[in-house]
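Here is a quick tour for anyone meeting this structure for the first time. Have a look at the sequence and the model, then read on.

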Amino acid sequence: MWSRQRGGLKPLRCGVEQLRCRRREREAALRKARREQQLVSKRLLRDEALEEAEEGCVAMIFGEAEIQQFLRLAQRGTEEKEREGALVSLRRGLQCPETQQTFIRLEGSIRTLVGLLTSNQALLQLEAARCLHELSHSEQSAVVEACLPATSYLLTYLSGHSSDFIELCLYTLGNLIVESEAVRRQLLPQGIVPALAACIQSPHLTVLEALGYALSQLLQAKEAPEKIIPSVLGSTLPQHMLQLLQPGPKLNLGVAVEFAWCLHYIICSQVNNALLITQGALSTLGLLLLDLAGAVQRTEDAGLELLACPVLRCLSNLLTEAAAEAVGGQLQLRDERVVAALFILLQFLLQKQPSLLPEGLWLLNNLTANSPSFCTSLLSLDLIEPLLHLLSVSNVVLTVLCNVAEKGPAYCQRLWPGPLLSSLLDTLAFSDTEVVGQSLELLQLLFLYQPGAAQAFLQQSGLQALQRHEEVAQLQDRVHALQQTALHG
Amino acid sequence: MQLPPALHARLAGAPGSAEPLPVERDPAAGTTPFSFAPRLVRFPREHDFFEDGDVQRHLYLQDVLTQVGGAPERPRRPSARVPEFTCQVAGCCQVFDALEDYEHHYHALHRNVCSFCKRAFPSGHLLDTHILEWHDSLFQILAERQDMYQCLVEGCTEKFRTSRDRKEHLVMRHLYPADFRFDKPRRSRGQDFAVDSRIIWRTDFSMGDFYKALSISPAVPGAAEQVLAEALGDDRAPSEGDAMEVCSEHVEPSPEPAGERRAYSHRIPSTICFGQGASRGFKSAKKRNKHQ
């Protein structure tokens with residue numbers, strides 16, 4: 001029936017170069033949209049198999065008269081098949097923006113469609129819902145907002161049982177949600193949050209994924225931190241979300257991706273993260289991280305980075321909460337497997353999605369900053385050298401090394417000797433003041449806590465490396481201090 | 001980036017960690033001109049740091065990226081065409097040639113059906129509310145003294161004295177349409193009793209049969225007539241104005257003199273058939289009177 005066709009364009013229709021070009025264009029458009037804080041994406045559910053079965057009719061542009069005829073037939077036709085057929089034709093027409101415009105301008109059209117949506121003919125309901133779905137996906141605000149009279153019914157149907165129908169309603173709602181604040185101002189009092197909270201108990205994976213999508217759209221809204229997230233946190237949604245993120249045989253990747261993003265939007269809004277922590281968010285996410293690291297080793301699965309990204313973000317942000325300290329003792333978050341998992345993921349990201357490496361390193365910083373335990377894990381698991389490999393990616397690597405070194409001689413001892421010195425000499429050759437500054441901080445700690453470090457530094461022409469920066473304003477004082485220490489102890 | 005070979009084994013191993021090394025800080029560390037101190041870093045929603053990941057997320061939403069998980073993970077139900085079959089629910093003759101179509105039909109029309117009056121509802125919640133408000137005599141008694149009409153929006157705990165008050169609340173507070181199809185007031189005409197549905201489907205029963213069928217005796221003498229009239233009449237089938245359920249044919253509402261919108265016709269939906277020999281449609285008491 002209405003199963004989702006994913007995977008982008010069919011190779012028959014577009015060459016590889018065209019695909020790449022399209023992707024670059026899309027990406028540029030999205031970056032621009034994000035900078036303008038207008039990042040909005042809708043999903044379109046279309047069953048291509050169904051469309052092929054309908055014998056390759058191309059979406060047509062229909063005029064008023066034709067639309068009226070379809071509606072009349074759908075409403076008052078005597079033969080069921082006839083009525084259904086009329087709506088199917090209408091739906092195909094509504095794939096065209098022109099037909100959409102004509103449709104919404106026709107008096108009574110939406111009213112009729114809503115009537116069909118709530119009729120007692122199940123198949124008419126479905127087709128009417130598909131028509132609404134096409135409208136909801138439009139780029140024209142007027143077309144999307146024409147769907148508003150249907151929302152109370154879409155929400156009512158979320159408590160039903162027909163999984164395909166509910167899935168469709170959810171994707172439609174998700175598209176409506178992102179359209180504008182005006183739409184959300186209607187949906188919220190209509191009870192969208194309780195409706196979603198009831199619906200999340202569905203056993204159907206397709207429904208759950210659709211729900212996660214709709215919820216993520218709701219949570220991404222600009223006004224979400226003030227107007228939406230508090231009521232979401234007050235509902236049973238967070239507990240169910242966390243349950244759906246529990247690793248294990250029941251974990252479904254598509255569902256997990258959606259709810260991980262939902263959690264990210266909630267957490268980075270900083271409304272009440274302490275509540276999430278008491279509900280076990282840190283624990284669940286930690287276990288999920290471990291699971292992800294296992295998964296990336298096992299399969300060449302496309303898309304694991306789509307789950308890794310929000311998980312890394314959620315963990316990193318949650319670790320900054322005071323409440324995290326309090327529960328730290330009980331959790332996996334003392335478990336060195338977390339560090340092992342993170343590095344396995346970093347390696348994976350290096351190949352699959354290097355742009356996400358800074359996010360992984362951010363988590364590493366938050367793990368090691370105030371934790372002797374995790375700093376020790378980094379050392380005992382021999383991860384310093386792999387870490388140094390990422391120096392060119394981000395200077396957070398240096399920050400992490402400083403996190404380790406500042407804990408004292410026992411730590412610096414384990415950092416030395418090894419590739420660290422030569423790496424530092426390399427970074428001192430950079431012109432980036434930030435990078436050099438961090439390197440200087442690390443050097444101070446090493447000179448302080450590790451006897452012999454200064455000597456070795458001198459022997460490797462460290463002084464010359466420092467000299468380059470003697471005149472740089474932000475670096476001078478530190479350079480001189482190090483020079484003094486190296487020469488005079 | 002080469003990872004130590006033991007790392008993967010460690011991941012698969014037991015939870016736990018080595019004893020942390022002793023921390024011993026020198027006060028000189030991080031003092032001027034140096035400034036390092038370990039710091040937890042947090043990023044708020046709109047921070048540029050998130051740009052790359054957000055863009056990836058949206059490329060995925062727009063289907064430009066490949067779907068998550070390989071084929072086995074993606075739950076997908078085939079659109080199976082099967083030899084024609086009929087809905088097995090008593091009284092329904094709908095025919096199908098695809099299982100998914102049947103699933104939706106069943107859930108929409110047969111899943112949440114009131115066993116008293118056979119109306120179908122889109123959800124269990126609405127069905128429960130309907131039974132309470134239409135078929136529970138205790139409800140009627142209590143409603144005389146306290147607010148019993150519950151708001152239909154899940155999560156809203158408000159209760160109202162009358163169904164009209166509730167409707168007003170739905171419109172004002174919850175921005176529901178004034179003609180929300182799942183909230184039509186029941187025309188209060190005395191008690192509505194539970195009736196054995198088998199008797200009612202026949203068009204030729206007598207009052208004697210009716211009394212035998214009643215599971216509750218009428219509390220008010222003479223109410224049997226009224227109940228019968230109601231039972232046979234408009235209340236028996238989804239009909240104008242008073243149905244709080246999935247409506248039958250939806251017709252464009254025509255302006256009514258009383259200003260009340262009659263959105264439903266008297267016709268029994270074609271999907272319901274009443275067995276051999278039965279005429280399609282009831283002769284309602286109301287109509288009968290009109291014709292006489």
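A residue counts as buried when its relative accessible area is under 20%, as exposed when that area is over 50%, and as partly exposed in between. By that cut-off Phe96(B) is buried, because its relative accessible area is 2%. Keep in mind throughout that this is a predicted model.

**Chain B at a glance**

Let's start with the overall layout of chain B. Its secondary structure adds up to ten helices and four strands. Going along the sequence, the pattern reads α-α-β-β-α-α-α-β-β-α-α-α-α-α. Chain B has 292 residues, and 43% of them are buried. Its accessible surface is about 15500 Å², with 54% of that belonging to carbon and sulfur atoms. If you take the contacts in chain B between residues at least 6 apart in sequence, 37% of them join residues at least 24 apart.

Chain B also has a peptide bond worth a look. Most peptide bonds are trans. The one from Thr32(B) to Pro33(B), however, is cis, with omega near 0°. You'll find Pro33(B) in the loop between α1 (6–12) and α2 (51–61) of chain B.

**Rings meeting rings**

How many aromatic pairs does the structure hold over all chains? The count is 21. One of them is Tyr153(A) with Phe182(B), an edge-to-face pair with 5.7 Å from centre to centre and 80° between the planes. This pair crosses between chains: Tyr153(A) belongs to helix α9 (residues 151–157) of chain A, while Phe182(B) is in the loop between α6 (163–172) and α7 (197–201) of chain B. Both Tyr153(A) and Phe182(B) are buried.

Phe85(B) and Phe96(B) make another pair, this one tilted, since their planes are at 35° with the ring centres 5.8 Å apart. Phe85(B) sits in strand β1 (residues 81–86) and Phe96(B) in strand β2 (residues 95–98) of chain B, eleven residues apart. Phe85(B) counts as partly exposed because its relative accessibility is 23%, whereas Phe96(B) is buried at 2%.

Back at the crossing between chains, Tyr153(A) and Phe182(B) are part of one aromatic cluster, together with Tyr157(A), Phe165(A), Tyr176(B) and Phe180(B).

Rings get charged company too. The charged end of Arg43(A) sits over the ring of Tyr213(A), 5.8 Å from its centre. Arg43(A) also lies over the face of Tyr60(B), at 5.1 Å from that ring centre.

**Helices α13 and α16 of chain A**

Helix α13 (residues 205–220) of chain A has 16 residues, which should span 22 Å at 1.5 Å a residue; its end C-alpha atoms are 22 Å apart, so the two agree. Is α13(A) largely enclosed or largely open? It is largely enclosed by the rest of the structure, because 15 of its 16 residues are buried.

Now for helix α16 (residues 253–268) of chain A, home to His264(A). His264(A) counts as buried, given its 2% relative accessibility. Setting aside residues up to four places away in sequence, His264(A) touches Pro310(A), Arg313(A), Cys314(A) and Phe50(B). His264(A) and Pro310(A) are 46 residues apart in sequence, yet 5.8 Å apart in space from C-alpha to C-alpha.

Val255(A) is in helix α16 as well, and it too counts as buried, at 2% relative accessibility. Beyond its neighbours within four places in sequence, Val255(A) is in contact with Leu205(A), Leu208(A) and Glu209(A).

**Cysteines without partners**

A search of the whole structure turns up zero disulfides over all chains. Cys199(A), for instance, has its nearest cysteine sulfur 9.3 Å away, in Cys169(A). For Cys402(A), the closest cysteine sulfur is in Cys412(A) at 9.6 Å, too far for a bond. Cys199(A) is buried at 4% relative accessible area, and Cys402(A) is buried at 0%.

**Two unusual backbone angles**

Most residues other than glycine have a negative phi. The table lists two residues that go the other way.

| Residue | Phi | Place in chain A | Relative accessible area |
|---|---|---|---|
| Gln270(A) | about 50° | loop between α16 and α17 (273–278) | 28%, partly exposed |
| Ser461(A) | about 60° | loop between α29 (453–459) and α30 (462–467) | 37%, partly exposed |

Key
Residues numbered from 1 in each chain as written. Chains lettered and ligands numbered in written order. Predicted model: local features only at pLDDT ≥ 70, side-chain atom pairs only at ≥ 80, totals over all residues. Heavy atoms only, no water. Helix = DSSP H or I, 4+ residues; strand = E, 2+ residues; numbered from the N terminus. Expected span 1.5 Å × (residues − 1). Buried < 20%, exposed > 50% of the residue type's maximum accessible area, 1.4 Å probe, protein only. Phe/Tyr/Trp six-rings, centres within 6.5 Å; stacked < 30°, edge-to-face > 60°. Lys NZ or Arg CZ within 6 Å of the ring centre and 35° of its normal. Disulfide = S-S within 2.5 Å. Contact = heavy atoms within 4.5 Å. Areas by Shrake-Rupley, 256 points an atom, 1.4 Å probe, with all protein chains shown as cover.
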